[in-house]
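Me: I would like to go through this structure with you in questions and answers, taking one topic at a time.

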Amino acid sequence: MKRPLRLLALTAVLTCLLGAAPGDPKEGEQYVRLKHPVSGVDARQVVEVFWYDCPDSYAFEKPLEDWAARQHPAVKVVRIPAAWPDQPDQLAYARLFYTLDRLGLAEREALAVFRAVRDRHQSLTTEKKVLAWAAGQGLDVDAVRGAYRSGAVTDAVKAAPALRERYQVVEEPTVVVGGRFRTSPFLAGSDAATVSALDHLYRTARSS
């Protein structure tokens with residue numbers, strides 16, 4: 001029994017010395033290292049940059065939610081709405097996200113928003129349309145109106161483009177782990193490959 005155990009131990013040591021196992025996602029292929037790491041964030045922070053009117057963000061939402069729920073403890077994904085200062089629709093959807101986030105509803109209502117925008121082709125880019133959607137969802141319309149108009153939400157929308165730039169994101173959806181590594185369906189090749197890269201980065205975050 002001693003020889004197999006020694007062989008297993010040697011294999012484990014070599015794996016640590018040589019890096020990732022052959023089947024693991026590869027840096028420069030399924031994920032990249034940010035040129036300028038984001039300072040002051042936890043090594044296991046998971047950030048997703050998304051847009052409600054993006055079909056790829058919609059397709060990735062459920063796989064990402066499922067992955068986060070499978071972790072022990074479950075991962076709280078930090079959501080950042082993709083926003084460029086010269087894109088009014090993106091800024092409008094950033095306002096919707098921060099409105100829901102202020103009310104503690106962003107995570108619960110995420111798929112409902114995606115379905116409204118992508119499946120039913122509803123434009124939720126004005127206060128009137130957002131309030132009508134909120135009423136249909138059974139939400140507190142007065143609370144949604146108050147949050148939508150609040151200074152805190154307005155400030156968050158103004159800061160959204162700079163926040164996206166801080167994480168060096170140029171496409172959506174994109175996931176950034178620990179403020180150091182970035183992956184996306186475009187980079188990894190599919191939603192499944194993105195989740196695989198995310199899982200690898202999350203598991204190795206403390207030691208990388």
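Me: Which residue caps the N-terminal end of α6?

Reply: This is a predicted model, in which local features need pLDDT of at least 70 and side-chain atom pairs count only at pLDDT 80 or more, while totals for chains, interfaces and linings use all residues. Residues are numbered from 1 along each chain as its sequence is written, and side-chain values use heavy atoms, with hydrogens and water left out. Helices (H or I, at least four residues) and strands (E, at least two) are DSSP runs numbered from the N terminus. At the N-terminal end of α6, a side-chain oxygen lies 3.1 Å from the backbone nitrogen of Asp-142 (a polar contact is a pair of N or O atoms within 3.5 Å; within protein, one must be able to donate a hydrogen and the other to accept it, and residues adjacent in sequence count only if both atoms are side-chain atoms), and the residue that supplies this oxygen as the cap is Asp-140.

Me: Which residues of α6 are buried, and which elements do they pack against?

Reply: In α6, which spans residues 141–149, the buried residues (under 20% relative accessible area, with exposed meaning over 50% and partly exposed in between, for a 1.4 Å probe and protein chains only) are Val-144, Ala-147 and Tyr-148. Seen down the axis of α6, these buried residues fall within an arc of 100 degrees (taken from the directions from the helix axis to the C-beta atoms), so they line one face of the helix. The face turned away from the buried side carries the exposed residues Asp-142 and Arg-149. Through contacts (heavy atoms within 4.5 Å), the buried residues pack against α3 (88–102), α5 (127–136) and α7 (151–166).

Me: Which residues does Thr-99 touch, not counting residues up to four places away in sequence?

Reply: Thr-99 has its place in helix α3, and at 0% relative accessibility Thr-99 counts as buried. Leaving out residues up to four places away in sequence, Thr-99 touches Val-144, Ala-147, Tyr-148 and Val-153.

Me: What volume does the largest cavity have?

Reply: On a 1 Å grid over the protein atoms alone, a cavity is a set of points where a 1.4 Å probe fits but cannot get out, and a pocket is an open set with protein on both sides within 12 Å along at least five of seven lines; lining residues have an atom within 4 Å of a point. Grid points are joined across faces, edges and corners, and a volume is the space filled by probe spheres set on the points. The lining of the largest cavity includes Glu-48, Phe-50, Arg-79 and Glu-107, and the elements that give two or more residues to this lining are β2 (46–50) and α4 (110–119). By this rule there is one cavity of 30 Å³ or more, and the volume of the largest cavity is about 70 Å³.

Me: How many residues line the largest pocket, and which lie nearest its centre?

Reply: About 300 Å³ of space lies in the largest pocket. The elements that give two or more residues to its lining are α2 (55–70), β3 (78–81) and α3. The lining counts 17 residues, and those nearest the centre are Lys-76, Val-77, Val-78, Arg-79 and Glu-107.

Me: Where does Cys-54 lie, and how far is its C-alpha atom from that of Glu-172?

Reply: Cys-54 has its place in the loop between β2 and α2, and Cys-54 is buried, with a relative accessible area of 4%. Not counting residues up to four places away in sequence, Cys-54 touches Phe-114, Arg-118, Glu-172 and Pro-173. Although Cys-54 and Glu-172 are 118 residues apart along the chain, their C-alpha atoms are separated by 7.5 Å.

Me: What is omega for the cis peptide bond that joins His-72 and Pro-73?

Reply: The peptide bond from Glu-172 to Pro-173 is cis, with omega near 0 degrees, and Pro-173 lies in the loop between α7 and β4 (174–177). Pro-73 has its place in the loop between α2 and β3, and for the cis bond that joins His-72 and Pro-73, omega is about -5 degrees.

Me: Is His-121 buried or exposed?

Reply: His-121 lies in the loop between α4 and α5 and has a positive phi of about 55 degrees although it is not a glycine. With a relative accessible area of 66%, His-121 is exposed.
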